[in-house]
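Student: I've got a sequence and a model open on my screen. Can you walk me through it by letting me ask things as I go?

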Amino acid sequence: MSKQINVALIGNPNTGKTSVFNALTGLNQKVGNYPGITVEKKEGICKLPRGVKAHIIDLPGTYSLNASSLDENVVIELLLNKNDKDFPDVAVVVTDVENLKRNLLLFTQIKDLEIPTILAINMSDRMKYKGISLDIDYLEKQLETKIALISTRKSKGIDNLKELITNYKELSKKPCMNASLIDESYFNNLRKAFPNQLLYKLWLVITQDVNFGKTDRKTFDKVEDFKTKSKTDLKRLQQKETIKRYQFINDALKKGQTIDLNSAKDLRIKLDRVLTHKVWGYLIFGIILLTIFQAIYDWSSIPMDFIDSSFAALSEWVKNTLPEGAFTNLLAEGIISGLGGIVIFIPQIAFLFLFIAILEESGYMSRVVFLMDRIMRRFGLSGKSVVPLISGTACAIPAIMATRNIESWKERLITILVTPFTTCSARLPVYLIIISLVIPEGRILGLSYQALTLMLLYLIGFGAAVGSAWILNKILKIKSKTFFVVEMPNYKLPMFKNVALTVLEKTKSFVFGAGKIILAISIVLWFLASYGPGDNFNNAESIITQQYATENLSEDELQQKIASHKLEHSFIGIAGHAIEPAIRPLGYDWKIGIAIVSSFAAREVFVGTLATIYSVGSDEEETIKNRMAGEVNPILGGPLFNFASGISLLLFYAFAMQCMSTLAIVKRETNSWKWPMYQLVIMSAFAYIVALIAFQVLK
Amino acid sequence: MNTIIQNILVFSALTLALVFLFKKFIWVPKKKTTKACGTDDGCGCH
């Protein structure tokens with residue numbers, strides 16, 4: 001039977017740790033959360049030589065074992081807990097050859113926990129460009145480890161790394177540094193008080209008292225013959241520890257690493273000068289955004305049309321093939337139409353994430369964060385708010401959780417409150433379908449009106465976030481200031497495998513996350529649209545037949561009238577008519593009203609809901625877009641989705657707080673219902689007023 | 001017969017959908033917190 005070993009991948013951010021993880025696991029990976037918290041957990045399986053299997057866990061990036069965020073705590077908690085099922089048999093510390101000195105700090109700390117540790121030096125292909133040479137044998141001796149010189153970009157050294165993992169039992173467990181050197185008398189007392197325990201582990205428990213359950217520093221006070229120190233003194237000792245470690249690292253690198261600055265060809269400085277320039281930087285970013293939105297439209301139109309017509313044909317096929325009845329109708333009109341409403345957007349979502357992944361992989365995204373920091377400061381937010389706001393373009397939920405590294409509570413609260421304004425991927429289906437219905441297909445300077453509208457909506461969302469942050473900043477009176485440090489990684493060509501895996505993972509989570517909700521809501525909506533109370537619904541056929549007895553209607557026309565009458569008197573029709581007076585001034589009918597109410601669960605449900613409602617009772621094979629385009633405004637006449645009502649809807653969705661999950665996460669992060677309720681009421685009221693003004697002005 | 005089966009399937013699907021939505025948005029089970037770690041309490045830290 002083959003043995004499975006636990007391998008933990010650990011490293012500083014931007015060392016290519018995830019690339020190593022992808023290189024080792026390929027598609028045998030899954031993404032989840034650590035129990036009880038929302039930090040992402042990536043794990044996978046890797047086949048090693050001689051039939052050994054490795055369970056690889058990609059731990060969150062951390063600069064040291066002195067945790068300051070929830071992500072970093074995950075690393076320490078795992079490394080200290082031998083009973084954890086993921087406790088590593090071997091740790092692989094991934095480092096960047098260009099930042100070896102800084103990266104080795106974490107390595108020495110892990111080594112001191114007496115866990116077998118391999119040092120993987122990544123990006124070795126860049127050594128000749130940077131004039132770096134390494135004496136591997138010397139470094140292995142000094143660091144008491146085995147070194148794998150790898151390049152995930154060139155797929156070099158991975159086999160050697162696998163071999164070293166397989167032979168992990170041969171690795172030395174000897175620590176790099178004697179922990180007592182930090183403060184001899186203090187550590188001697190500690191050793192006397194806890195004679196059977198590893199000194200460096202005890203030190204970490206004392207200094208990292210945040211997430212260690214029952215034990216915090218006070219526990220050590222209760223032990224006789226041992227007196228712990230004040231927080232300030234402990235901080236001083238931590239600083240001393242860092243200095244000692246760097247002394248050790250400097251000694252090792254003095255002979256082990258040589259850097260010939262004359263042969264270093266640094267394109268990075270030249271690129272940074274342009275890409276972070278106060279004029280060119282913004283201009284280039286603007287051009288990149290325009291290109292992205294144009295490409296999203298141009299490249300995805302063919303697969304989208306294909307998916308749309310395929311779902312329409314599938315729905316028709318189900319109706320014609322399965323025996324007639326309620327369940328067949330549910331499948332054809334409810335489930336298939338509802339799912340079609342989400343699957344159709346896969347190409348556009350995938351392209352959006354493709355571009356985001358390329359920008360991140362290339363190192364450009366950090367420059368964007370730097371550029372945005374300049375703007376954010378003027379509105380009273382720190383640069384740390386930029387990361388949540390930018391990641392909010394994917395989803396507000398992880399973005400709100402990403403605010404945890406903002407130390408100032410007021411700045412964090414403001415960021416939490418304004419993040420839902422940024423255009424998340426759930427808004428995208430709503431925007432795309434409405435834009436395609438109400439914005440003409442023409443072009444200006446090679447850019448389509450539709451792509452420009454989409455980009456404008458993203459800018460409106462970002463502008464609303466920044467503007468409301470400015471107002472909140474004035475109201476909440478922020479006094480404390482935080483510092484902002486962003487690491488600028490080297491520019492590099494994006495790796496196809498990493499980009500492909502990111503797109504796959506993000507698209508999958510969008511489709512399956514939203515898909516389950518849409519499927520369930522489609523079933524409920526179909527039921528509510530297909531059943532109704534009273535004679536008006538049950539005797540629809542006789543009522544309509546009598547009503548139009550004198551008119552010479554064809555069979556199709558009569559069936560259409562009956563279906564329409566039934567829908568109006570179904571449960572959903574009754575509910576829709578009840579809310580219609582509130583939404584009519586915005587240019588919407590009761591069907592749109594139902595879609596807005598149901599999309600409170602998740603914004604993307606809007607399209608699926610309309611697809612389901614418009615499908616009920618319809619015998620024709622029609623695409624979602626055609627069905628929506630064919631809807632007539634019952635009061636004003638003309639298309640229901642015209643320029644005025646379309647813009648009104650776009651603005652409503654740009655500003656409204658239409659996401660239950662976001663409200664739940666805001667409640668959890670602020671530990672109060674007060675803030676999500678403010679958010680809900682203010683954002684919804686603002687969205688209603690803006691949509692009302694837009695429709696009344698444009699109609 | 002066909003009508004009865006189809007209706008049973010519809011109501012089963014509806015029930016499943018309602019239970020799913022209820023569990024997703026209304027009744028969220030409490031998750032276990034991370035295991036305590038520190039003293040020699042058998043947590044494996046020592």
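Student: In which sense do strands β1 and β4 of chain A pair?

Tutor: Keep in mind that this is a predicted model. Strand β1 covers residues 4-11 of chain A, and six bridges link this strand to β4(A). One contact to look up is A:Ile5, whose bridge partner in β4(A) is A:Ala54. The sense of the β1-β4 pairing is parallel.

Student: Which side chains of strand β4 in chain A point to the buried face?

Tutor: Go along residues 53-58 and you'll see the side chains alternate. A:Lys53, A:His55 and A:Ile57 point to one face and are not buried. The ones on the other face, which are buried, are A:Ala54, A:Ile56 and A:Asp58.

Student: Is A:Glu114 buried, partly exposed or exposed?

Tutor: Find it in the loop between α3 (100-111) and β6 (117-122) of chain A. Its phi is near 60°, a positive value in a residue other than glycine. Most residues other than glycine have a negative phi. Because A:Glu114 has 14 C-beta neighbours inside 10 Å, it counts as partly exposed.

Student: And what is phi near for A:Glu144?

Tutor: A:Glu144 sits in the loop between α5 (136-143) and β8 (146-149) of chain A. With 14 C-beta neighbours inside 10 Å, A:Glu144 counts as partly exposed. Phi of A:Glu144 is positive, although the residue is not glycine, and is near 55°.

Student: Which residues does A:Arg126 touch, not counting residues up to four places away in sequence?

Tutor: Look in the loop between β6 and α4 (127-130) of chain A. The C-alpha atoms of A:Arg126 and A:Asp96 are separated by 9.8 Å, though the two are 30 residues apart along the chain. Beyond its sequence neighbours, A:Arg126 touches A:Val97 and A:Glu98.

Student: Where does the largest nonpolar core lie?

Tutor: That core has 122 residues, and those with the most contacts inside it are A:Tyr431, A:Ile434, A:Leu650 and A:Phe652. Helix α21 (residues 496-530) of chain A gives the largest share, 13 residues. Since residues come from both domains of chain A, the core lies between domain 3 (280-476) and domain 4 (498-698).

Student: What is A:Tyr431 in contact with, leaving aside neighbours within four places in sequence?

Tutor: A:Tyr431 is among the residues with the most contacts inside the largest core, as is A:Leu650. With the sequence neighbours set aside, the contacts of A:Tyr431 are A:Leu454, A:Leu457 and A:Leu650.

Student: Is A:Leu586 buried or exposed?

Tutor: A:Leu586 is in a loop, the one between α25 (571-583) and α26 (590-598) of chain A. Leaving out residues up to four places away, A:Leu586 touches A:Ser648, A:Phe652, A:Ala691, A:Leu692 and A:Phe695. Because 25 other C-beta atoms lie within 10 Å, against a cut-off of 20 or more, A:Leu586 is buried.

Student: What covers the buried residues of helix α31 in chain A?

Tutor: The helix runs over residues 674-698 and reaches 36 Å from its first C-alpha to its last, close to the 36 Å expected. Its buried residues include A:Met683, A:Ala687, A:Ala691 and A:Ala694. An α-helix has 3.6 residues a turn, so residues three or four places apart point the same way. Among the elements covering the buried residues of α31(A) are α18 (409-418), α29 (643-655) and α30 (660-670) of chain A.

Note on methods: Residues are numbered from 1 along each chain as its sequence is written. Chains are lettered from A and ligands numbered from 1 in the order in which they are written. This is a predicted model: local features need pLDDT of at least 70, side-chain atom pairs count only at pLDDT 80 or more; totals for chains, interfaces and linings use all residues. A residue is buried if 20 or more other C-beta atoms lie within 10 Å of its own, exposed if 12 or fewer, and partly exposed in between; C-beta atoms are placed from the backbone. Helices (H or I, at least four residues) and strands (E, at least two) are DSSP runs, numbered from the N terminus. Two strands pair if DSSP finds at least two bridges between them. Two residues are in contact if their C-beta atoms, placed from the backbone, lie within 7 Å. A nonpolar core is a set of buried Ala, Val, Leu, Ile, Met, Phe, Trp, Tyr and Cys residues joined through C-beta atoms within 7 Å. Domain bounds come from an automatic or database domain assignment. The expected span of a helix is 1.5 Å times one less than its number of residues.
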